[in-house]
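Subject: Structure for your review

Dear colleague,

Please find the structure below, together with its sequence. A short account of the findings follows.

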Amino acid sequence: MATVDLFAIGNALIDQEFKVTDEFLTQQNLQKGTMQLTDGDTQAQLYNNLKASQTYKGQSSGGSAANTTVAFSALGGSAFYACRVGNDELGSIYLKGLNEANIQTTTQSISDGVTGTCMVLVSDDSERTMHTYLGITAELSDTQIDFEPLKTAKWLYIEGYLSTSDTARQAVKQARQIARENGVKIALTLSDPAMVQYARSGLDELLDDGVDLIFCNEQEAIMYTETNSIEAALVKLKLLSNDVVITLGDKGALVANADQHIQVTGRKVTAVDTNGAGDAFSGSFLYALNSGSTLQTAAELAILVSSEVVSQFGARLDVADYAKLLQNFQKECA
């Protein structure tokens, strides 16, 4: 198998996206802006309620780290995605979509069971709320992962949503060890405020003795560090990671390490759907860093790509659109 720049581990989920009202979220006892895990029967009932009263926007392949990997690959990087799907139609659709985006996968990812699904509920203010049935991906383990590409990769990327799975955390532990033994840098995203609130110990385990790069948004940073400000959160996060990236929505992003403290201005767009924005930011940022860009430039590219993602429905752009954005960005920087 060819050497890759990025080796990512995450959940494999098929997204079903709906435009919903705030009243519907309240009626369904869903906490706006977070991800909630559920069982198959409960999600099926929610799906029926959604189809009966809300606006269906379509189906697409998702999963946080997968969205990040698609952005990284579409911009020009090479990538491998480790996940677990069921031996079913949705599983085939999922892996086929990754391969069409030039992302390497392995047949080890396929096993008996049901591929995970996520109801992505987008309210009028563009905020996304997710209701997730993990299916077989809840049991992701080292059995489904081909670690060979990791040994020569440049980056290992870990999805914080894996904090809820005992077997996935063990697989990440093995991946971290291989990465450290082979000089592969480690990046991790906290993923969601709900992971910080309900799976804190799992995130601690994924972080272990620290990482090279951590991604989070403002709410996650403050919650995880149990502080009251971004400044205080940064002090604690820098003890866990060489570089810290905190996204600030339309206000941009904050990037810091022991030597630098960079505030990067946001890009004003009409937000339609925030689903996948943080994922696109991480993938674009990692691509730029891997290509030799400065932290400032990496953040500027990441803001450009993620702002385009929130301007449309769905967590990913068309593959060709990433390259167009990069080309325009490079022209402006020249």
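How many helices and strands does the protein have? The model, which is predicted, has twelve helices and 16 strands.

With regard to overall form, the radius of gyration is 18 Å, which agrees with the value near 20 Å for a compact globule of 334 residues. Along the principal axes, the C-alpha atoms occupy a box of roughly 55 × 40 × 40 Å. Buried residues make up 57% of the 334 in the protein. Among contacts with a separation of 6 or more, 77% come from residues 24 or more positions apart.

As to the surface, the accessible area is about 13700 Å², and carbon and sulfur atoms contribute 45% of that area. There are 41 negative and 23 positive side chains, with the centres of the two sets 4 Å apart.

I also examined helix α11, which comprises residues 295-309. Its 15 residues should span 21 Å at 1.5 Å a residue, and the end C-alpha atoms are indeed 21 Å apart, so the expected and modelled spans agree. Helix α11 is mostly covered, since eleven of its 15 residues are buried. The buried positions include L295, A298, A299, L301 and A302, and also I303, L304, V305, S306, S307 and V309.

Which elements do the buried residues of α11 pack against? They pack against three strands, β14 (241-247), β15 (253-256) and β16 (261-264), as well as the helices α10 (277-290) and α12 (319-333).

Yours sincerely

Notes: Residues are numbered from 1 along each chain as its sequence is written. This is a predicted model: local features need pLDDT of at least 70, side-chain atom pairs count only at pLDDT 80 or more; totals for chains, interfaces and linings use all residues. Side-chain values use heavy atoms; hydrogens and water are left out. Helices (H or I, at least four residues) and strands (E, at least two) are DSSP runs, numbered from the N terminus. The radius of gyration is taken over C-alpha atoms; the globule rule is 2.2 Å times the number of residues to the power 0.38. Buried means under 20% relative accessible area, exposed over 50%, partly exposed in between (1.4 Å probe, protein chains only). Contact means heavy atoms within 4.5 Å. Accessible areas come from the Shrake-Rupley method with a 1.4 Å probe; for residues, only the protein chains shown count as cover. Lys and Arg count as positive and Asp and Glu as negative; His and the chain ends are not counted. The place of a charge is taken as NZ of Lys, CZ of Arg, CG of Asp or CD of Glu. The expected span of a helix is 1.5 Å times one less than its number of residues.
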